[in-house]
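Colleague: Please take a close look at one part of this model. Choose a starting residue, work outwards from there, and finish with the ligand and the overall picture.

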Amino acid sequence: MNKMSKEKILIVDDDQSVISTLSFLLKKNNYIPIAAYTPKQALEFMQEHEPALIINDMNYSRQTSGAEGMELLANIRAANADIPVILITAWGSIDLAVAGIKAGATDFINKPWSNQRLLQVVSTALDLRITQSSQHKKELNRQALDQKYQLSSIIGKNEKLLQILTTIGRIASTDASVLILGESGTGKELIANAIHQNSARSQQAMIKVNLGGIPGSLFESEMFGHVRGAFTDAKSDRVGRFEMADKGTIFLDEIGDMDKSSQVKLLRVLQDQTFQAVGSSANRRCNVRVVAATNCDLNQLIDENKFREDLLYRLNLITITLPPLRERRDDIVEIAQHVLTQVCLRYGLGTVGLSQEAQLWLTKQRWPGNIRQLTQAIERAVLVNDNDELDVQSFTDSERLSAPKSLSSNELPVGSMTLEEMEKSMIKQSLIQYNHNLTQVANNLGLTRQALYRRLEKYGIIV
Ligand SMILES: Nc1ncnc2c1ncn2[C@@H]1O[C@H](COP(=O)(O)OP(=O)(O)OP(=O)(O)O)[C@@H](O)[C@H]1O
Ligand SMILES: [Mg+2]
């Protein structure tokens, strides 16, 4: 369906001024608004007019607990499981918005809303509904997917992967926020790239931000920019990441590693797509599609009060969970062969094969570091191998060679370094060894990533 056809939108509110404003805005943007002043009327009009979407104000003027709005939501859901419902809640009534999402609302916006944001939320909800029903959530096979979408960098045919690729195809063209979950090395960034590439924004920038690497004190100037003179070191204006990503996609990586004050600031900009550069009071507007990723368990972080639940709901209109490699062993050989071809090309080697035994051996490993670890294992094996085929020994030899040397061979005489110097040197060595993959560096050093970031900052190590 195209956007030119007029869709009916039911607005539920007991406040005449809200109804008029919303009706005017929707009409101007080619929708047909229908007004209902009470929950009872809303249910009647829903049957009568079959609207494509419902906007439900949770705060009726008679009472502000939102109970009436929640009850209406439950009744709408009981009558129709699929119709998108967008809630309007007062700024600050976060619990109500969160409860609404849990009870089946599609999305929420805060009062006072920005018209641009409201229209974006409405059209995204409608786009998602259309793509969902047109394919009945049926998953496609690899060939069909490749004909429809640009997914060539993502290797594999595993059933879980195909489901994910089908979802990507379905939602890429919408403005829906996407949260990508999965262990380290499972391909989250690759998936984020594919979402951008297959979207209408693909000709615009995709800006990647590693949130774990930005200390709280620098968050605002990094994300929103600053004006000259905003603080001592601000010698000139700086453009923030949101402005760079305008009309394109912003990829918020390591979203679970943000401190709570940064979370509030991020929530604000996601809420109404406006922000202020540090040192300026002017509101700037940006139009961005948000894709976020983490290997943290966000629900656990919410339970521990380390992550805001309302921020989660701003990010996860669509959630994609990537399986660890050990749960898609049927893809291991194909990925290995793909990586092998690429590595040989990169090093200017002729074709190198993979013996049957090596294929079996690769399939049986646990791969805690997932595809990244598999990639590295192949690269190392190619470097130690002299034959035209990699066998099991190429892998086991290369593993032994790359294992950390025993301490005795490079022990330092007491007093030659302070503990701090040693720590700094260890961090630098690990960064080189793990190719600046901070998750692996932190694991290797027995640190949490937060602790690693603190040390990087302390020692002024730039990654
Ligand atoms: N399906 C795949 N086919 C081929 N290569 C893949 C696939 N998935 C991931 N890779 C490769 O594996 C490596 C790790 O992928 P990526 O960086 O996207 O992982 P990640 O989930 O973001 O990891 P982290 O949590 O550590 O940031 C990359 O080199 C990527 O190209
Ligand atoms: Mg990543």
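Modeller: Start with Asp310. Beyond its neighbours within four places in sequence, Asp310 is in contact with Ile94, Val98, Phe108 and Leu267. Keep in mind that this is a predicted model. Asp310 sits in helix H13, which covers residues 309-315. Asp310 counts as buried, because its relative accessibility of 5% is under the 20% cut-off.

Now step back along the chain from H13. Asn305 lies in the loop between helix H12 (298-303) and H13. Its backbone is worth a look: Asn305 is not a glycine, yet it has a positive phi of about 65°. Asn305 is exposed, because its relative accessibility of 55% is over 50%.

A second residue has a positive phi. His436, also not a glycine, has a phi of about 65°. His436 belongs to the loop that links helix H18 (419-433) with helix H19 (438-445). His436 counts as partly exposed, at 41% relative accessibility.

Return to one of the partners of Asp310, Phe108. Strand S5 spans residues 107-111, and the loop from S5 to H5 holds Pro112. The peptide bond from Lys111 to Pro112 is cis, with omega near -10°.

Helix H5 covers residues 115-135, and Gln116 has its place there. Gln116 is partly exposed, because its 28% relative accessible area falls between the cut-offs of 20% and 50%. With neighbours within four places in sequence left aside, Gln116 is in contact with Gln273, Arg285, Cys286 and Asn287. Take the pair with Gln273. Gln116 and Gln273 are 157 residues apart in sequence, but their C-alpha atoms are 8.5 Å apart in space.

Cys286, one of those partners, leads to the cysteines. Cys286 is buried, with a relative accessible area of 1%. Cys296 is partly exposed, at 23% relative accessibility. Searching the whole structure for disulfides gives zero.

Next, the ligand. Around ligand 1 there are 17 residues, and the closest are Ile155, Ser184, Gly185, Lys188 and Arg372. By class, this shell has four nonpolar, eight polar and five charged residues. Some polar pairs can be named. The side chain of Arg372 places an N or O atom 2.9 Å from an oxygen atom of ligand 1. For Glu189, a polar backbone atom is 3.0 Å from an oxygen atom of the ligand. For Gly187, a backbone N or O atom lies 3.1 Å from a ligand oxygen. On its own, ligand 1 has 640 Å² of accessible area, and the protein covers 84% of that. Two or more shell residues come from each of helix H8 (188-197) and helix H16 (370-384). H8 gives the most, with three residues.

Finally, the whole chain. The protein chain has 463 residues, and buried residues make up 48% of them. The chain holds 20 helices and 16 strands. The C-alpha trace spans about 80 × 55 × 40 Å along its principal axes. The exposed area is about 23,100 Å², of which carbon and sulfur atoms supply 50%. Consider contacts between residues at least 6 apart in sequence: 69% join residues at least 24 apart. The Gln116 and Gln273 contact, with the two positions 157 residues apart in sequence terms, illustrates such a link.

Terms used:
Residues numbered from 1 in each chain as written. Chains lettered and ligands numbered in written order. Predicted model: local features only at pLDDT ≥ 70, side-chain atom pairs only at ≥ 80, totals over all residues. Heavy atoms only, no water. Near = heavy atom within 4 Å. Polar contact = N/O pair within 3.5 Å; in protein donor to acceptor, adjacent residues only side chain to side chain. Areas by Shrake-Rupley, 256 points an atom, 1.4 Å probe, with all protein chains shown as cover. Helix = DSSP H or I, 4+ residues; strand = E, 2+ residues; numbered from the N terminus. Nonpolar A, V, L, I, M, F, W, Y, C, P; charged D, E, K, R; others polar. Disulfide = S-S within 2.5 Å. Buried < 20%, exposed > 50% of the residue type's maximum accessible area, 1.4 Å probe, protein only. Contact = heavy atoms within 4.5 Å.
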